[in-house]
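Visitor: Please take me through one part of this model in detail, the second largest pocket and what lines it. After that, go on to the side-chain pairs and the backbone features elsewhere in the chain.

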Amino acid sequence: MVRTGYHLFFILIFFLSVPTFGQAPFTCRGQSFVIQEGTGELAEMAIDPGNNGLKFIPVNASLGVEIEALGFSSTSRLLYGIGKTSHNLYRIDADGVVENLGPLALGNNLDIIGGDISPDGRYFVAIGAAAGTQAMAKIDLDSPGFPITTLSLPASRRIIDIAFAPLDGKLYGYDNLNRSILTIDFNSGSITDNPPIQADNEIQGLFFTPFGELMAYGTSVFGVASALFRIDKSNGRETRIAAGPVHNVTDIAACPYTVAMRNTVQPAATFPCSEIRYVFTIGNGSGQAQAGATFDLRLPDGFQLLDITRNPFGGTLSTSGTPNQIRIENMTVPRRVDSLVALVEIGDVLGGDYRTQAMLSGLPDVMGGTRVSDNASTLAPGDSTSLQVNYIEEDSLYFSNFLCIGSSLALDASDYGNNLLWSTGSSSPEISVTEQGTYTLQAFSGCQTLSVTYEVTAASCPFKVQLGYKMLPEETFPCNEVTFRYIISNDSGLPRSGVGIADTLPAGFRAVRLEGNPFGGELEQGLPPGVINIRNLSVPVGTDSLDLVVEVGSVPSGNYGNRAVLYGLPQALGPLRFSDNPDTPAEDSTYLLVLGVESDSQYVERVLCPGETLILDGSPYGTSFLWENGSARARLPVTEPGEYKLAVFNGCEPSFVFFSVTEGPLIEIEWAEETIEIHLGEEFQLSPTLTNLGNALTLEWDSPSGGPLSCQDCLSPVAKPLDDILYTLRASNELCADTLQVAFLVDKTRRIYAPNAFSPNLDGRNDYFILQSPDFGIIRSLSVHDRWGGLVFRSDNAVMNEAPTGWDGQYKGKPAPTGTYLWTAEIEFIGEIVEVFSGEVVLLR
């Protein structure tokens with residue numbers, strides 16, 4: 001369903017000035033062709049500029065043959081197709097004339113379901129399926145008899161279409177069974193997969209643009225409408241960019257082997273006497289550099305070129321002609337996507353919509369000779385690029401404001417530019433006032449000076465009408481959609497009708513549509529780009545919200561603040577309310593953080609510590625990534641110092657981030673004993689070895705509860721743990737750090753030693769029966785009984801290991817008879833652990 005690229009043996013494409021066949025060749029303009037299912041109609045697929053929807057322009061109302069695989073040849077500039085079951089090879093020209101080139105030796109049991117032609121025009125690669133199998137057939141179009149090489153594909157796949165990329169030659173496909181975009185190795189047939197596409201979308205064919213963009217045609221909303229998708233090649237994610245009536249196709253093919261040009265202006269809205277940049281992005285998918293091209297651009301009257309700030313195409317800038325005429329001759333357009341940037345000054349012109357369109361001429365006739373620039377911000381093909389110049393007609397403006405006593409009021413003059421001077425002495429676009437009075441502003445916007453007066457009236461306020469303003473999500477990248485949520489709180493006691501919301505979006509932002517609007521009303525049409533007016537709202541008592549979907553254009557990264565105005569309230573309430581960010585305590589603007597690279601390139605410094613792996617994180621700069629080593633992940637682990645280059649893509653133009661990784665000073669902790677066994681109550685001094693080549697040192701031991709250390713910030717503390725524990729030492733020299741972990745295994749076995757005999761004869765040896773232990777404990781009770789159970793001795797709260805606390809062999813003041821006695825002891829150890837011990841002892845005389 002569309003193809004454009006080659007993989008391992010990418011060959012430069014040389015366009016032939018005259019085809020070798022009698023058929024009429026196509027002029028390659030980057031167009032795509034589809035064959036309608038059922039009717040066999042061959043049509044060119046395009047965007048209808050009237051409604052930005054899909055339309056199909058017939059080339060041949062009925063080809064008369066059943067074709068399931070379609071590809072465009074870069075050399076003959078003709079379409080080739082293969083019959084699904086007949087396996088005949090067909091060639092189709094620009095008039096829709098079909099020539100049967102005969103059957104191919106593909107095997108009778110193989111159904112052809114998709115295909116494409118390699119960028120050098122030699123191989124028609126067809127995808128076929130049979131019971132339980134799938135294969136990729138490479139048909140040599142340059143050799144007699146069209147010899148075929150077949151590769152097996154995994155049976156777990158059902159690839160229904162493929163497309164070659166014109167710039168790098170990779171082969172992409174769509175797996176209908178697993179619903180995912182994948183890449184295919186042209187030589188081996190091995191596959192690299194991606195996550196599935198969204199559940200409500202379906203893809204029928206793939207193709208490429210001259211800018212190397214992978215596109216897909218299919219259906220959306222579970223088959224309700226046909227759809228055109230842009231595919232993110234890094235992750236296979238699809239984004240719907242156009243829709244139309246259902247038009248099922250058997251296959252699609254395109255000709256990206258040409259040169260195309262797009263134009264954007266930055267900013268898209270500005271004031272007279274300011275500077276802007278026109279960016280012309282040129283994609284060359286022809287397979288070779290195109291020399292001798294000429295670039296022409298006529299600027300609107302009152303505009304003039306200041307400088308060409310970027311030109312990778314060379315050539316000579318013509319100095320003749322009018323100041324608003326730009327002409328660069330003898331340019332060479334390389335085989336890639338690159339951009340030309342023109343810095344332009346706007347003179348003292350009237351406000352309005354100023355359009356420009358450049359032309360690139362001197363291209364080969366097979367491409368049509370010339371190309372005009374296309375507005376990159378619209379779907380319509382070949383349209384001019386619009387710049388809105390805002391000019392305030394009045395020399396003075398007056399506003400009346402109502403201020404509730406005890407609160408503050410924000411006076412926002414950001415609509416009048418950045419060169420401002422308030423009567424308070426402030427030059428900020430916005431000031432906050434808390435008192436009644438007249439506040440004046442001189443705004444120097446472009447070529448005029450504007451005087452603005454704010455009359456602020458204060459009064460007590462038993463009511464509250466507020467406009468909250470949120471941007472969801474709070475962070476995004478350029479060329480993405482966000483939601484501006486306006487939250488209206490009406491605590492005035494009565495519904496309010498005839499209310500409106502006015503807003504001016506930041507430069508480069510564009511309103512798309514209203515969603516979730518419970519207040520009725522309408523979005524006013526015909527206003528300048530970025531100016532929003534939602535009028536005739538009916539606001540009930542309570543709190544509710546409406547959503548405005550906004551497209552963030554190709555803007556620099558940064559914080560974009562904005563405040564809306566709620567107007568049309570009764571005069572007594574104060575007719576205006578400036579929006580407030582409900583997530584902050586102050587009454588302030590709401591901000592959207594646009595991530596990405598601040599310019600075409602950005603430099604980041606990182607420190608790599610010896611022996612460690614450093615993760616370079618590109619996620620704050622874009623949505624898809626390409627590192628110099630070929631990795632497409634957001635994060636790159638590195639183990640060596642050096643320079644690491646990252647190309648990031650945020651939905652707009654690619655940018656580059658250069659990570660400079662330097663080696664940090666070594667810090668290392670060493671100690672052989674990682675596990676230490678001790679008895680409960682014992683102490684142990686930790687003594688690791690530290691090597692530090694840095695200029696600073698910070699030590700910190702982590703001693704969990706129950707594991708006391710004599711110090712937390714020294715190298716060799718004394719540990720006395722009560723339970724099994726893991727101590728962690730962290731050492732840092734501000735740039736690098738190291739960690740040591742030491743495990744203690746605490747033996748809680750209670751070691752009690754009791755003699756089995758004693759001789760209380762006062763000879764100084766074994767005169768007492770005592771309990772001994774290296775573990776600290778208190779003998780809560782010790783009882784000795786004779787063999788008939790009579791109690792002959794008892795002591796309480798005695799200390800172990802001390803003879804006077806034991807039994808001296810006396811019973812009621814007289815020597816006890818010799819013989820065997822039974823003893824029982826209740827002992828309390830550290831941690832309030834109580835255990836009972838017992839045994840026998842022989843009394844000797």
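Guide: By class, the residues that line the second largest pocket divide into 13 nonpolar, five polar and five charged. The model is a predicted one. The lining comprises 23 residues, and those nearest the centre of the pocket are Lys464, Val465, Gln466, Arg577 and Glu587. The volume of this pocket is about 500 Å³.

Several strands contribute to the lining. At least two residues each come from strand 34 (396–404), strand 35 (409–412), strand 40 (465–472), strand 42 (480–490) and strand 50 (577–578). Strand 40 gives the most, with four residues.

A cis peptide bond is found between Leu472 and Pro473, with omega at about -5°. Pro473 sits in the loop between strand 40 and strand 41 (475–476). A second cis peptide bond joins Gln266 to Pro267, and here omega is about -5°. Pro267 belongs to the loop between strand 21 and strand 22 (269–270).

Two phenylalanines are also of interest for their backbone angles. Phe146 is not a glycine, yet its phi is positive, at about 50°. Phe146 is placed in the loop between strand 10 (133–140) and strand 11 (148–153). Phe222 likewise has a positive phi, near 55°, in a residue other than glycine. The loop that holds Phe222 runs between strand 17 and strand 18 (225–231). Phe222 counts as exposed because its relative accessibility is 66%, above the 50% cut-off. As background to these angles and bonds, most residues other than glycine have a negative phi, and most peptide bonds are trans.

Next come the side-chain pairs. Asp547 lies in strand 47 (residues 542–552), and its side chain makes a polar contact of 2.8 Å with that of Arg485. Leaving aside residues up to four places away in sequence, Asp547 touches Thr483, Phe484, Arg485, Arg513, Leu514, Glu515 and Gly516. The relative accessibility of Asp547 is 12%, so this residue counts as buried; the limit for that class is under 20%.

With a salt bridge taken as a side-chain nitrogen of Lys or Arg within 4 Å of a carboxyl oxygen of Asp or Glu, the count comes to 25 salt bridges. One of them pairs Arg179 with Glu202, whose closest N and O atoms are 3.6 Å apart. This pair links distant parts of the chain, 23 residues apart: Arg179 is in the loop between strand 13 (171–175) and strand 14 (180–184), and Glu202 is in strand 16 (residues 202–208). Glu202 counts as partly exposed, at 23% relative accessibility.

Another salt bridge is formed by the side chains of Arg262 and Glu213, at 2.7 Å from N to O. Arg262 is in strand 21 (residues 259–266) and Glu213 is in the loop between strand 16 and strand 17 (214–220), so this pair ties together parts that are 49 residues apart in sequence. The partners fall into separate accessibility classes: Arg262 is partly exposed, with a relative accessible area of 24%, whereas Glu213 counts as buried at 17% relative accessibility.

A further salt bridge joins Glu522 and Arg535, with the closest N and O atoms 3.0 Å apart. Glu522 is in strand 45 (residues 522–523) and Arg535 in strand 46 (residues 531–539), so the pair, 13 residues apart, links distant parts of the chain. Both residues are partly exposed: the relative accessible area is 37% for Glu522 and 31% for Arg535. Elsewhere, Arg157, Asp175 and Asp193 are joined into one network by salt bridges that share partners.

Last is Leu70, a residue of strand 4 (residues 67–72). Leu70 counts as buried because its relative accessibility is 0%. The C-alpha atoms of Leu70 and Ile82 are 6.9 Å apart in space, while the two residues are twelve residues apart in sequence.

Note on methods: Residues are numbered from 1 along each chain as its sequence is written. This is a predicted model: local features need pLDDT of at least 70, side-chain atom pairs count only at pLDDT 80 or more; totals for chains, interfaces and linings use all residues. Side-chain values use heavy atoms; hydrogens and water are left out. Buried means under 20% relative accessible area, exposed over 50%, partly exposed in between (1.4 Å probe, protein chains only). A polar contact is a pair of N or O atoms within 3.5 Å; within protein, one must be able to donate a hydrogen and the other to accept it, and residues adjacent in sequence count only if both atoms are side-chain atoms. Contact means heavy atoms within 4.5 Å. On a 1 Å grid over the protein atoms alone, a cavity is a set of points where a 1.4 Å probe fits but cannot get out, and a pocket is an open set with protein on both sides within 12 Å along at least five of seven lines; lining residues have an atom within 4 Å of a point. Grid points are joined across faces, edges and corners, and a volume is the space filled by probe spheres set on the points. Ala, Val, Leu, Ile, Met, Phe, Trp, Tyr, Cys and Pro count as nonpolar, Asp, Glu, Lys and Arg as charged, and the others, Gly among them, as polar.
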